[in-house]
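Open the model in your viewer and keep a selection box handy. We will go from stop to stop, and at each one I will say what to select and what you will find there.

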Amino acid sequence: MLDVTRTRKRVRERPTSETGTRQCLLRMVSLICTLQSHRDDVNWCTFSSSLLATCSADKTIRIYSTQDFTELPFSPLSGHGYGVHCCCFSPCGQYLASCSTDATTVVWAMDTGEIEAVLEHPGRSPVRVCAFSPDSSWLMSGASDGTLALWDFPSRTLRRTGAVPDTTMVACSFTPCGQLFATGSTYGDLRIWDLNMNQLHAEKYAHDLGVTCCQFSPQIMKYGHVVQFRLASCGQDSLLKIWIISRTSSPGCKMQLVHTLSGQCATVLSCAYSADGQLLVSGSMDKTVAVYEANNGILLYTLNQHERYVTSCAFSPTAPLIASGSMDKTVNVWRVEDGSSGYASGPKGKSLPNEAASASHEAGRKWPGHSRLMVSDWSEGDVSSWLLEEGLESLVDTFKTNNIDGAELLSLSKESLSSDLHIESLGLRSKVLRKIEELKMAPVSNGIPDEFLCPITHEIMKDPVIAADGYSYEREAIESWINTKSRSSPMTNLPLQTTLLTPNRTLKMAICRWTSSQ
């Protein structure tokens with residue numbers, strides 16, 4: 001099923017200066033498609049030369065072709081036990097790394113979708129961020145306990161570890177030369193490291209209340225014996241900052257703030273440079289995507305197409321494309337194009353096919369009875385309504401006669417349709433199976449109250465319990481967490497003073513009442 005909504009909406013912001021005017025004459029931004037496959041918050045998105053990868057709290061990674069943004073046959077990738085926080089392509093695009101609350105960084109082969117390696121983080125702490133070096137020699141992962149792991153990528157072995165105590169690592173980026181890397185944490189600091197895990201500089205108060213993301217520009221600037229890099233960072237202070245990192249032959253390095261950008265009015269959660277270093281994009285809790293001219297820090301566009309927090313953003317390395325992911329479970333793909341173009345075009349300047357738009361509309365609509373939590377909860381009447389909606393009215397009597405409810409519907413196979421339900425038409429059997437597969441992939445209703453969802457599994461709780469951190473969890477999930485992880489809170493990362501779990505009977509009754517009313 002193709003969960004893609006095609007759009008031809010052109011976005012153009014009023015320039016803020018003469019320079020901004022010149023930029024707007026050269027470029028416009030068009031929303032070309034919206035990907036709607038994930039069932040929970042989108043946490044990260046990243047491009048290779050030909051693919052777009054997105055990861056989510058729904059525990060999956062989805063892979064799309066940037067030619068037409070159709071999902072690859074082996075997508076989604078399902079190998080993590082908990083939500084996936086971050087993903088990144090190796091520079092050649094042959095591999096994808098993803099990291100998760102399950103304390104692992106998984107390496108996937110992009111030609112088959114198979115798992116190449118599972119790298120367990122030292123200390124088994126939830127892994128929040130991962131990044132490749134520009135030459136694919138190194139893979140860095142940062143965790144909730146403040147630790148860093150530097151992996152020799154060709155051999156998939158752990159080479160070095162580092163740590164910043166009493167914080168959570170949430171950001172990491174290699175310099176374009178690959179000899180240094182920057183990290184950011186919830187403490188609010190930005191730190192520059194070499195490959196031996198020596199700290200070369202610590203900017204301890206880079207962002208008040210915490211850093212959320214950082215990325216180096218692909219440009220390297222040289223002035224005699226001084227080598228300079230540009231680093232963008234964002235944080236809980238609602239600011240996007242641009243720094244210059246200077247390195248000489250002497251030990252250490254210098255870090256200078258050159259721009260503080262305040263184009264968004266809430267926490268800025270992500271930032272990314274374009275492949276040429278000329279543009280900088282950021283996503284915010286104010287639900288906007290901001291595009292800046294990077295060298296002068298001039299705001300060019302503010303994009304307003306997401307319904308909830310924008311958690312991630314990325315530029316394609318080979319095409320004028322931006323992807324933005326959100327807690328509204330969608331990924332928007334934008335094209336930065338020549339302002340003289342008379343229409344909004346797709347990748348490589350081609351208009352997007354109407355067939356794909358129709359397919360995405362098909363995928364995005366709500367089914368009869370879809371207010372139920374799962375298709376398996378459907379009654380026989382719901383199944384009949386679904387058949388009518390899908391143009392399969394000729395099968396309504398057959399399904400009623402055989403008492404096909406939601407659970408039975410999901411278990412139907414080519415053989416059972418033929419031998420048990422006596423559907424002789426091969427085309428009709430294929431259509432039914434295709435529609436059933438769409439049902440299996442369709443997202444759960446958005447109407448579930450957030451407090452009914454376990455913070456670990458993101459599923460409706462059956463046996464909610466209160467942990468020492470004051471949060472409610474599904475009993476089985478939090479018990480597994482405590483038994484297999486360090487005794488820290490999944491929500492705060494602080495130590496749990498006790499492993500005692502108290503049944504939350506009030507919440508359980510509320511969930512039962514809500515479920516029975518659906």
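Two strands count as paired if DSSP finds at least two bridges between them. Helices (H or I, at least four residues) and strands (E, at least two) are DSSP runs, numbered from the N terminus. This is a predicted model, in which local features need pLDDT of at least 70 and side-chain atom pairs count only at pLDDT 80 or more, while totals for chains, interfaces and linings use all residues. Residues are numbered from 1 along each chain as its sequence is written, and side-chain values use heavy atoms, with hydrogens and water left out.

**Stop 1: two hairpins around β20**

Select residues 226–235, which make up strand β20. Eight of its 10 residues are buried (under 20% relative accessible area, with exposed over 50% and partly exposed in between; 1.4 Å probe, protein chains only). Now add residues 211–223: this is β19, which pairs with β20 in the antiparallel sense over nine bridges. Tyr-223 has Val-226 as its bridge partner in β20. Two residues lie between these strands, and Gly-224 in this hairpin takes a positive phi near 65°.

On the other side of the selection, add residues 240–247, strand β21, joined to β20 by eight bridges and running antiparallel. Val-227 has Arg-247 in β21 as its bridge partner. This hairpin has four residues between its strands, with Ser-238 in the turn at a positive phi of about 70°.

**Stop 2: an open sheet**

Next, show β3, β4, β5 and β6, which form an open sheet in that order with antiparallel pairing. β3 (42–47) and β6 (77–78) are at the edges with a single partner strand each, so one side of each has no neighbour in the sheet. β3 pairs with β4 (residues 51–56) over five antiparallel bridges, and Val-42 stands opposite Ser-56.

Keep Val-42 on screen and select Gly-325, in strand β28 (residues 321–326). How far apart are Gly-325 and Val-42 in sequence and in space? They are 283 residues apart in sequence, yet 5.5 Å apart C-alpha to C-alpha. Gly-325 counts as buried because its relative accessibility is 0%. Leaving aside neighbours within four places in sequence, its contacts (heavy atoms within 4.5 Å) include Val-42, Cys-45, His-306 and Tyr-309.

**Stop 3: aromatic rings**

Rings of Phe, Tyr and Trp (its six-membered ring) pair if their centres lie within 6.5 Å; planes under 30 degrees apart are stacked, over 60 edge-to-face and the rest tilted. The count comes to seven aromatic pairs. Select Tyr-82 and Trp-481, an edge-to-face pair at 6.1 Å centre to centre with 80° between the planes. Tyr-82 lies in the loop between β6 and β7 (84–89) and Trp-481 in helix α8 (residues 475–484), so the pair ties together parts 399 residues apart in sequence. Phe-174 and Phe-181 form a tilted pair, 5.6 Å centre to centre and 55° between the planes; both are buried.

Finally, select Tyr-95, Phe-132 and Phe-153, a cluster linked by ring pairs. The charged end of Arg-156 sits over the ring of Tyr-95, 5.0 Å from its centre (the rule asks for NZ of Lys or CZ of Arg within 6 Å of the ring centre and within 35 degrees of the ring normal). The charged end of Arg-156 also sits over the ring of Phe-153, 4.1 Å from its centre.

**Last stop: confidence**

Colour by pLDDT, the predictor's confidence in each residue, from 0 to 100. The protein chain has a mean of 84, and 85% of its residues reach 70 or more.
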